[in-house]
Amino acid sequence: MSIRSIDVDVTSPGRNFVTAIVTTDDGVTGLGDGTLNGRELAVASYLRDHVAPTLIGRDETQIESTWQYLYRSPYWRRGPVTMAAVAAIDMALWDIAAKRAGVPLYRLLGGASRTGLMTYAHASGTDLEHLDDAIRGYVEQGFRAVRIQTGVPGLGQIYGVHDSAPGGAYEYEPAGRLAADAPRRPEEETWDTAAYLRHLPTVFEHVRSEFGPELHLLHDGHHRMRPIEAARLASDLEPYRPFWLEDCTPGEDQSALRLVREHSTTPLAIGEVFNSVFDYQTLITERLIDFVRSSATHAGGVTGLRQLMTFAGIYGIRSGFHGPTDVSPVGMAAHLHLGLAIHNFGIQEFMPHSARTLEVFRTSYTFADGMLHPGETPGLGVELDREAAAAHPYEPAYLPVNRLRDGTVHDW
Ligand code: GCO
Ligand code: MG
């Protein structure tokens, strides 16, 4: 059996997605997610111009060998564009393999290690009252874990903050806000780390006293703190027992987390911007983190993420796969199958896709009592309605840019 064709669809049902559609010579198709928020067309070109032509006629069952071929053959290693392209092909080949076997992918990956995957929702509010409403709504839906983000007094729109109470009219999508005066340029936000560090512990104190000790509370620092600031925050949050503090320092500086570790027992999660196991080498071998935040979409697909989780498992580090709306339903399905199968699953981020997205990508995963399950459909369990997808052409959209009060460019 061999690969007959590889198509790459870029569609924007509410936001942009890049999907590889691999078809075998006898007509079986597999889907893979290669969405890279704000740089979608670069991955699409990489796939169409540099990957697809080299794979036609190859044995579709050689998943590991194809992964190594795509990783090593360009000579240039890693990087988000390359690894998203590798991911798209890899997921599609696993999808095909499981469809041929007539089983949901998790069964090929070793079978279920648990009955479902604990998820966390994004609870967010411009102030404490709105945040409480959002948390309450998620608790009523069955969530046992929530990520809490709020506005900081004196700052305007910042990362992750919007009124997110379930059923609310506002659909959150971080990428898409283009500057009104220059429509090809991202919007800009203003940031003040000191104000944030003063405010956040009071938010945790409030939420703990309002919702009790059992609800898991998470927070995303979005790479904005210097190591000493992150160490301070991790220590200040300790009394409220967070489930994790995510991305407290810029991702590329692995040794920065040594300082944070020395000063606190707050669990740490990092890695959504990483794209290979090597980005974690120091973090894992020195046990500087507790959770791996990579996505299959940005870290080389099921094969890349499985390799990483095996390495992490040796050090007792668990998964917290990235699950924002810029991982497509195909990538999300890959997480659910892998998360169900591996031993060292931790938690799954669940930011549901919009109704518009789900009309184009038909999923078979299910949610109940705060838990996700990938379902029993053979393969990944996601179908792409290509006709519906074609009705939503690519729309330029970027993540915002962040500046300090004096105009210095900062991490967003
Ligand atoms: C998260 C992430 C996202 C990212 C987004 C960027 O924890 O879910 O931080 O919200 O900002 O994926 O494209
Ligand atoms: Mg994050």
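**Exercise 1. Two residues with positive phi**

Task: Decide whether His222 is buried, exposed or partly exposed from the number of its C-beta neighbours, and place the residue in the chain.

Solution. In this predicted model, His222 has 19 C-beta neighbours inside 10 Å and therefore counts as partly exposed, given that a residue is called buried at 20 or more and exposed at 12 or fewer. As for its place, His222 belongs to the loop between β7 (216-220) and α7. Its backbone deserves a further step, since the phi of His222 is positive, about 50°, although the residue is not a glycine.

Task: Carry out the analysis for Arg241, stating what its phi is, where it lies and which exposure class it falls into.

Solution. Begin with the backbone: Arg241 is a residue other than glycine, and its phi is near 50°, a positive value. Next comes the location, which is the loop between α7 and β8 (244-246). Finally, 14 other C-beta atoms lie within 10 Å of Arg241, so that it is partly exposed.

**Exercise 2. Helix α6 and its two partners**

Task: Describe how α5 and α6 pack, giving the angle and the axis separation, the handedness of the crossing and the residues that make the contact.

Solution. Helix α5 (residues 128-141) packs against helix α6 (residues 193-211) at an angle of about 45°, and their axes are 11 Å apart. The angle makes α5 oblique to α6, and the crossing of the two helices is right-handed. On the side of α5 the contact involves Leu128, Asp132 and Ile135, while α6 contributes Val203, His206, Val207, Glu210 and Phe211. Sorted by character, the residues of this contact comprise five nonpolar, one polar and two charged.

Task: Work through the pair α6 and α7 in the same order, asking how their axes are arranged and which residues meet.

Solution. The axes of α6 and helix α7 (residues 227-237) come within 9 Å of each other and cross at roughly 15°. This makes α6 roughly parallel to α7, for which the angle has to be under 35 degrees. The crossing of α6 and α7 is right-handed. From α6, the residues Thr193, Leu197, Leu200, Pro201 and Phe204 meet Glu229, Arg232, Leu233, Asp236 and Leu237 of α7. The contact of α6 with α7 divides into six nonpolar, one polar and three charged residues.

**Exercise 3. The sheet of β1, β2 and β3**

Task: Reconstruct the sheet that contains β1, β2 and β3, stating its strand order and pairing and identifying its edge strands.

Solution. The pairing can be built up strand by strand. Strand β1 (residues 3-11) and strand β2 (residues 17-24) run antiparallel and are joined by eight bridges, with Ser5 having Thr23 of β2 as its bridge partner. The two strands form a hairpin with five residues between them, and Gly14 in the turn has a positive phi of about 100°. Strand β2 is in turn joined to β3 by five bridges, again in the antiparallel sense, and Thr19 stands opposite Asp33 in β3. Helix α3 (residues 80-101) packs on this sheet, where it touches β2 and β3, and its direction makes about 145° with that of β3. Taken together, the three strands form an open antiparallel sheet in the order β1-β2-β3, whose edge strands are β1 and β3 (29-33), each pairing on one side only. From one strand to the next, the twist averages 20°.

**Exercise 4. Strand β4 and its neighbours**

Task: Establish how far β4 is enclosed by the rest of the structure, and list its pairings with β15, β12 and β5.

Solution. Eight of the nine residues of strand β4 (residues 117-125) are buried, so the strand is largely enclosed by the rest of the structure. With strand β15 (residues 371-373), β4 pairs in the antiparallel sense over two bridges, and Met118 stands opposite Met371. With strand β12 (residues 348-349) the pairing is parallel, over two bridges, and Thr119 stands opposite Gln348. With strand β5 (residues 145-150) β4 also pairs in the parallel sense, over five bridges, and there Ala123 has Ile148 as its bridge partner.

Definitions and conventions: Residues are numbered from 1 along each chain as its sequence is written. Chains are lettered from A and ligands numbered from 1 in the order in which they are written. This is a predicted model: local features need pLDDT of at least 70, side-chain atom pairs count only at pLDDT 80 or more; totals for chains, interfaces and linings use all residues. Axes are lines fitted to C-alpha atoms, for helices over the stretch in contact, and angles run from 0 to 180 degrees between N-to-C directions. Helices (H or I, at least four residues) and strands (E, at least two) are DSSP runs, numbered from the N terminus. Angles under 35 degrees count as roughly parallel, over 145 as roughly antiparallel, 65 to 115 as roughly perpendicular and the rest as oblique. A crossing is left-handed if the near helix is turned anticlockwise from the far one by less than a right angle, and right-handed if clockwise. Two residues are in contact if their C-beta atoms, placed from the backbone, lie within 7 Å. Ala, Val, Leu, Ile, Met, Phe, Trp, Tyr, Cys and Pro count as nonpolar, Asp, Glu, Lys and Arg as charged, and the others, Gly among them, as polar. Two strands pair if DSSP finds at least two bridges between them.
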